Amino acid sequence: MKNTIRIAVQKSGRLSDASIKLVRECGIDFNKGTGKLKSEATNFSAELLFLRDDDIPGYVADGVADVGIIGENVLVESDQAVTLVQRLGFSKCRLSLAIPKNIDYADISHFQGKDIATSYPKILGNYLSKHNITATIHEISGSVEIAPSIGLADGICDIVSSGSTLLSNGLKEVEVIFKSEAVLIANEQLTQEKQQTLQQLLFRIKSVQAAKKNKYILLNCPNAAVEEIKEILPGMKSPTVMPLATEGWSSIHSVIHEDDFWKVIEHLQQAGAQGILVIPIEKMIL
Ligand code: PRT
Ligand code: ZN
């Protein structure tokens, strides 16, 4: 079908579970048998391709896949001409410079003339030249963190998440050079039919993301507190206020953003809210 989009996701690794979960949360069903490279969605114009993450930007640029989900670090390092359609908010990590923990560090000039091991030579090279640092970059594809201890490099530039890998290799993080999260990318020349399917997918992704960031809240309060509580809880349009069977009391329903959550709850209690219930939202149509 002309409007079927091929969605490339990582076959197995840190991105695969969350990528597949997102596609499923968008209501797109498919069978992912182990070892399968391809799977057709049963209820959406899409086909899933299961690939190594490093190959995804190239496949999307070439049009083998129409869209893909990858880490922004891989996208930027690949330097492929694709469109970044949407940030997805999972697999957050950073690309950092690290050195042995017993070495003093003042600032980036520390790396002048040094040897740095990394799997991200392009991102690192750009960062160093932006800061007028000349260093020798050793490109290695794995176990970058052992490079200083085997004498291969003075420092490393690698992905950090919790920091425990650096710690257990006697390294300390000294500069964050890039912040990454999973992103949805697309081919730059999608046909109009495929573009429409991508927009449908994007609409669903945004609804899933909005739902995750918001909670449905219900509470009871004396009628005298309704005005103050309406101010605290703006809701999507405005809160729903309904009378309770008990005289002089109301029930208020609204939606709150997770970032404001605890602050809002405290204000609500101070304003006289009781029996507060907070419920996850499955989808939120904006
Ligand atoms: O086989 P394939 O090529 O598809 O996968 P891969 O092994 O190249 O990638 P994978 O699955 O390890 O990671 C995929 C993506 O997940 C990366 O490109 C990042 O965008 C993102 N991500 C998030 C991470 C991490 N967190 C992470 N912690 N990628 C790698 N790490 C590694 C890092 O390289 C280091 O070895 O974990 C270690 C550090 O973790 P902490 O928690 O000890 O700091
Ligand atoms: Zn990879």
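A pocket, on a 1 Å grid over the protein atoms alone, is an open set of points where a 1.4 Å probe fits, with protein on both sides within 12 Å along at least five of seven lines; its lining residues have an atom within 4 Å of a point. This is a predicted model, in which local features need pLDDT of at least 70. Residues are numbered from 1 along each chain as its sequence is written.

The domain assignment, automatic or from a database, gives domain 1 (5-89 + 181-190), domain 2 (93-180) and domain 3 (213-280).

The largest pocket is lined by 34 residues. Arg14, Asn73, Tyr120, Asp158 and Ile159 lie nearest its centre. Domain 1 and domain 2 both give residues to this lining, so the largest pocket lies between them.

The table sets out both pockets. A volume is the space filled by probe spheres set on the points, with grid points joined across faces, edges and corners.

| Pocket | Volume | Lining |
|---|---|---|
| Largest | about 1100 Å³ | 34 residues |
| Second largest | about 300 Å³ | 14 residues |

Leu88, Gly89, Phe90, Gln209 and Lys212 lie nearest the centre of the second largest pocket.

Now to helix H4 (residues 121-130). Helices are DSSP runs (H or I, at least four residues), numbered from the N terminus. The buried residues of H4 (under 20% relative accessible area, 1.4 Å probe, protein chains only) are Pro121, Ile123, Leu124, Tyr127 and Leu128. They fall within an arc of 165° seen down the axis, taken from the directions from the helix axis to the C-beta atoms, so they line one face of H4. The face turned away carries Asn126 and Lys130, both exposed (over 50%). Just after H4, Asn132 takes a positive phi of about 55°.

Technical notes
Chains lettered and ligands numbered in written order. Predicted model: local features only at pLDDT ≥ 70, side-chain atom pairs only at ≥ 80, totals over all residues. Heavy atoms only, no water. Helix = DSSP H or I, 4+ residues; strand = E, 2+ residues; numbered from the N terminus.
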